[in-house]
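Subject: Handover of a structure for your review

Dear colleague,

Please find below the structure that I am handing over to you. My findings follow it, and I would be grateful if you would read them alongside the model.

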Amino acid sequence: MAENQELFCCSICLDLLKDPVTTACGHSYCMGCIKESWDQDDLKGVYSCPQCRQTFIPRPVLKRNIVLAEVVEKRKKTGLQAAPPPALCYAGPGDVACDVCTGTRKQKALMSCLVCLASYCETHLQSHYESPALKKHKLVKATAQLQEKICSHHDKLLEVYCRTDQQCICYLCTIDEHKGHDTVSAAAERTEKQRQLGMSQQKVQQRFQEREKELKELQQAVESLKVSILGRRI
């Protein structure tokens, strides 16, 4: 029982589900928690699942999951308690805050998802490790500069490098303003730049060693000349 109790807890408040509702993507939340989360999306008009970031337009009408509610009530009667909250690590100045945590104080994000364009704390990151669909998402160390990795024209990941214009672009740019340009994947360009940097560093190190050798030879020549002059005087 204990190992399955997280199935009956809301991933937003981390407490037992209250008036559980299930979104179209299959994730369940307390009715109040998901409403509060979506209230913040009203201005954008696009509503997303706090866990997998699947979007919904218009705002879905939430209905109480009667079956899940009955299961939770039965588990309560058999002694199920809320999942113990993990050791909280709140985001401080300079930290990236979790985008799913609610309330005035949010936990520190560990990773950012380049597909969801959101950052997650340890608790809310679990779905990216457990869901088969989310496992394919690209995770990076938590960063506040997520938008800098996204194309401002197409809202797609900058995963292509245009050698013609020497800038990162998205795959849609290759069939738009960068059509016909010399392009490679950003990963391939990064590897090539690292290789070139390594060669440059190697050449600099080689030149340094050559100059050092020349300096030693010059010093030896000077010492030999001094000995020769001193021997003549004697």
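Is glutamine 202 buried or exposed? The model in which this is asked is a predicted one. Glutamine 202 has a relative accessible area of 54%, and because the cut-off for an exposed residue is over 50%, glutamine 202 counts as exposed. This residue belongs to helix H4, which covers residues 186-233. Between the C-alpha atoms of glutamine 202 and threonine 183 there are 27 Å in space, for a separation of 19 residues in sequence.

The stretch around glutamine 202 also carries an annotation. An unreviewed UniProt entry gives the feature "coiled-coil region" at residues 201-228. In the model, residues 201-228 are 100% helix and 0% strand, and the C-alpha atoms at the two ends of this stretch are 40 Å apart.

A second residue to consider is histidine 178. It is located in the loop that connects strand S9 (167-169) with strand S10 (183-185). With a relative accessible area of 7%, histidine 178 falls under the 20% cut-off and is therefore buried. Beyond its neighbours within four places in sequence, histidine 178 is in contact with Cys162, Asp165, Gln167, Ile169 and Cys173.

Turning to the chain as a whole, the secondary structure consists of four helices and 10 strands. Read from the N terminus, their order is β-β-α-β-β-α-β-β-α-β-β-β-β-α. The chain is more spread out than a compact globule, because its radius of gyration is 30 Å, well over the 17 Å that the globule rule gives for 234 residues. Along the principal axes, the C-alpha atoms fill a box of roughly 110 × 50 × 30 Å.

Some further values describe packing and surface. Buried residues make up 29% of the 234 in the chain. If one takes the contacts between residues at least 6 apart in sequence, 40% of them join residues at least 24 apart. The accessible surface amounts to about 15800 Å², and carbon and sulfur atoms account for 53% of that area. As for charge, there are 33 positive and 28 negative side chains, and the centres of these two sets are 4 Å apart.

I should be glad to receive your comments once you have gone through the model.

With kind regards

Notes. Residues are numbered from 1 along each chain as its sequence is written. This is a predicted model: local features need pLDDT of at least 70, side-chain atom pairs count only at pLDDT 80 or more; totals for chains, interfaces and linings use all residues. Side-chain values use heavy atoms; hydrogens and water are left out. The radius of gyration is taken over C-alpha atoms; the globule rule is 2.2 Å times the number of residues to the power 0.38. Buried means under 20% relative accessible area, exposed over 50%, partly exposed in between (1.4 Å probe, protein chains only). Contact means heavy atoms within 4.5 Å. Accessible areas come from the Shrake-Rupley method with a 1.4 Å probe; for residues, only the protein chains shown count as cover. Lys and Arg count as positive and Asp and Glu as negative; His and the chain ends are not counted. The place of a charge is taken as NZ of Lys, CZ of Arg, CG of Asp or CD of Glu. UniProt positions are given in the numbering used here, feature names are shortened, and annotations may be inferred rather than shown by experiment.
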